[in-house]
Amino acid sequence: MVILRRGPTLVIPSARLPAPMETNPPKTVASPAAPNPPAAAVADPIIDIQNLDFYYGQNRALDGITLQIQEKKVAALIGPSGCGKSTLLRCLNRMNDLIDGTRIGRGTVRIHRVDIHQPDVDVIELRRRVGMVFQKSNPFPKSIYENITYGLRIAGIRNRSQLDEVVERSLRGAALWDEVKDRLHDSGIGLSGGQQQRLCIARAIAVEPEIILMDEPCSALDPLATAKVEELIHELKQKYTIVIVTHNMQQAARVSDHTAFFYLGRLIEYDETRTIFMNPSNPQTEAYVSGRFG
Amino acid sequence: MRRFFDAELETFRSHLILMGETAVRQVRDALRALVEGDSALARSVIVADDELDTLEVKIDNEAVRFMNLRAPIASDLRLVIVGMKAGHDLERVGDEASNIAKRAIKLSAEPPLKPYVDIPRMTEITMEMLRDALDCLLQGDEAKALAVCKRDVEVDNLNRQVYRELTSFMVENPETISRAIELMFISKSIERIADHATNIAEETIFLFRGKDVRHTDEVKKVGPAVA
């Protein structure tokens with residue numbers, strides 16, 4: 001039986017809510033979109049996206065996305081530039097809230113069955129439980145140790161031995177401990193690119209997320225550093241659900257269990273990775289994965 | 001640096017080794033069934049051929065999946081390609097062993113035509129060739145692999161000898177024809193198994209050296225042309 005690690009609820013008790021803000025426009029009539037492709041049927045998915053539209057201003061960047069992501073598996077989002085994959089990724093922890101003029105239209109994103117766009121959702125808690133690693137690694141200009149403990153200190157954890165334990169656990173979990181254990185108080189930005197990225201992963205796992213989002217985590221790394229991060233993803237999926245956006249199709253084929261192919265804001269096909277790369281149902285998918293797109 | 005998919009290659013290699021060991025066992029048992037007139041052993045060889053068929057399909061599926069999802073390069077790619085080819089050769093070895101066993105059952109219904117000398121000798125050489133080729137699959141010994149290819153001519157010569165001897169039996173005594181024909185087919189099967197052993201030996205040179213020696217002078221047999 002899979003034990004779900006649940007932190008405190010995502011939902012804030014109404015007594016603590018700030019004044020409600022206008023977040024969603026009145027629902028519009030859904031435009032006739034292409035019927036959704038059959039998603040890989042998943043019983044009790046950890047992430048359940050239903051019929052999601054997303055707008056940058058007037059521009060609809062996601063059109064009727066329905067996608068279910070299985071717990072403790074790796075889902076890869078692939079597709080040409082501008083297809084919406086990074087936009088969808090950022091929907092999963094509401095990072096798009098930080099961009100002016102964005103909104104979801106119809107549809108929902110549920111994590112552990114909670115609609116994360118409801119007004120009573122604690123966005124900070126959401127982003128703790130749904131961590132993110134970016135293409136350009138962004139360690140804080142602090143020591144390696146302080147990079148890891150920053151989130152914990154903000155959450156009120158001050159006990160030194162507790163912090164030490166989390167730092168070691170996180171750096172081991174990110175396959176970085178052996179390389180940095182003797183210099184934890186050196187600056188995080190003095191590390192190599194690959195090490196910085198693993199430091200960012202360590203920082204994300206320090207706060208015990210359930211889901212880790214990765215937006216092209218290896219595109220700035222050399223092949224050896226990429227290999228180390230891929231090995232790490234292979235380890236991490238035993239404990240965390242991972243959603244990865246990647247341009248590198250061999251990487252998607254190597255690391256992921258399921259692959260979703262997007263084009264012009266639509267989900268074209270979503271299936272087990274071995275099916276997408278061996279025998280995709282949709283000719284557009286076949287053209288893209290075989291390098292014949294465009 | 002070890003990668004997580006190295007375990008998949010090890011599994012692939014282990015299936016190939018298992019297939020090789022099974023094929024050698026099948027050839028040995030088929031010959032014993034013939035020489036000892038043991039129909040029960042012959043029937044078990046025929047049934048066990050399914051193991052080789054199943055392994056061939058498994059190896060092919062693993063190879064295709066690995067090429068698809070891991071985009072192998074260099075020696076990884078050569079291993080997967082050679083695995084598929086050697087798997088096919090070993091499946092054919094299994095089919096030939098099964099054919100020998102079927103004919104052994106037929107022959108066991110009558111007294112043996114003559115004491116078996118050349119056929120066991122052919123089989124012994126063929127099994128040595130097969131074992132040597134399979135050793136090369138594991139550890140890449142180019143000289144050993146080339147020696148396997150050169151030995152094929154001994155098996156070809158013995159096969160011709162068997163044909164000549166059986167032909168004279170059939171001419172002298174038509175009652176021997178049905179048994180002689182079965183034995184000629186058996187001899188042909190052993191000769192084919194030896195050919196498959198040389199194929200595998202050539203493939204191991206490609207695996208370890210990236211060199212394709214098929215149909216080159218290095219592997220060409222020195223001996224009388226086939227009549």
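Biologist: Hello! In chain A, what share of the contacts between residues at least 6 apart in sequence join residues at least 24 apart?

Modeller: Happy to start there, and please keep in mind that this is a predicted model. Chain A has ten helices and eleven strands. Counting its contacts between residues at least 6 apart in sequence, the share that joins residues at least 24 apart is 71%.

Biologist: And how much of chain A is buried?

Modeller: A residue is called buried here if 20 or more other C-beta atoms lie within 10 Å of its own. Chain A has 294 residues, and the buried part of them comes to 42%.

Biologist: Let's look at one strand, E8(A). Is it enclosed or open to the outside?

Modeller: Strand E8(A) covers residues 211-215. Ile211(A), Leu213(A) and Asp215(A) point one way from the strand, while Ile212(A) and Met214(A) point the other way. Because five of the five residues are buried, the rest of the structure leaves E8(A) largely enclosed.

Biologist: Which strands pair with E8(A), and in which sense?

Modeller: Strand E7(A), residues 130-133, pairs with E8(A) over four bridges, and there Val130(A) has Ile211(A) as its bridge partner. Strand E9(A), residues 241-245, pairs with E8(A) over five bridges, with Leu213(A) opposite Val243(A). The partners are therefore E7(A) and E9(A), and the sense is parallel.

Biologist: How does the chain get from E8(A) to E9(A), and what is the hand of that crossover?

Modeller: The path leads through helix H7(A), residues 223-236. This makes a β-α-β crossover, and its hand is right-handed.

Biologist: Now chain B. What kinds of element does it have, and how compact is it?

Modeller: Chain B has six helices and zero strands, so its elements run α-α-α-α-α-α from the N terminus on. The globule rule gives 17 Å for its 227 residues, and the radius of gyration is close to that, so chain B is as compact as a globular protein of that length. Its C-alpha trace spans about 70 × 40 × 20 Å along the principal axes. The radius of gyration itself is 19 Å.

Biologist: What share of the residues of chain B count as buried?

Modeller: As for contacts, residues 24 or more positions apart account for 82% of those with a separation of 6 or more in chain B. Of its 227 residues, the buried share is 38%.

Biologist: Is Thr22(B) buried, exposed or in between, and why?

Modeller: Thr22(B) sits in helix H1(B), residues 6-36. Beyond neighbours within four places in sequence, it is in contact with Glu51(B) and Leu52(B), and its C-alpha atom is 7.2 Å from that of Leu52(B), 30 residues apart along the chain. Burial needs 20 or more other C-beta atoms within 10 Å. Thr22(B) has 19, so it counts as partly exposed.

Biologist: Where do the two chains touch, and how many residues of chain B take part?

Modeller: On the side of chain B that touches chain A, there are five nonpolar, one polar and three charged residues. The contact joins ten residues of chain A to a number from chain B, which is nine.

Biologist: Last one: which helix gives the most to the largest nonpolar core?

Modeller: That core has 130 residues, and those with the most contacts inside it are Leu77(A), Val243(A), Ala30(B) and Ala133(B). Leu77(A), for example, touches several residues farther along the sequence, including Val243(A) and Phe262(A). With twelve residues, the helix that gives the most to the core is H3(B), residues 74-107.

Key: Residues are numbered from 1 along each chain as its sequence is written. Chains are lettered from A and ligands numbered from 1 in the order in which they are written. This is a predicted model: local features need pLDDT of at least 70, side-chain atom pairs count only at pLDDT 80 or more; totals for chains, interfaces and linings use all residues. Helices (H or I, at least four residues) and strands (E, at least two) are DSSP runs, numbered from the N terminus. The radius of gyration is taken over C-alpha atoms; the globule rule is 2.2 Å times the number of residues to the power 0.38. A residue is buried if 20 or more other C-beta atoms lie within 10 Å of its own, exposed if 12 or fewer, and partly exposed in between; C-beta atoms are placed from the backbone. Two residues are in contact if their C-beta atoms, placed from the backbone, lie within 7 Å. Two strands pair if DSSP finds at least two bridges between them. A crossover is right-handed if, with the strands pointing away from the viewer, the path from the first strand over the helix to the second runs clockwise. Ala, Val, Leu, Ile, Met, Phe, Trp, Tyr, Cys and Pro count as nonpolar, Asp, Glu, Lys and Arg as charged, and the others, Gly among them, as polar. A nonpolar core is a set of buried Ala, Val, Leu, Ile, Met, Phe, Trp, Tyr and Cys residues joined through C-beta atoms within 7 Å.
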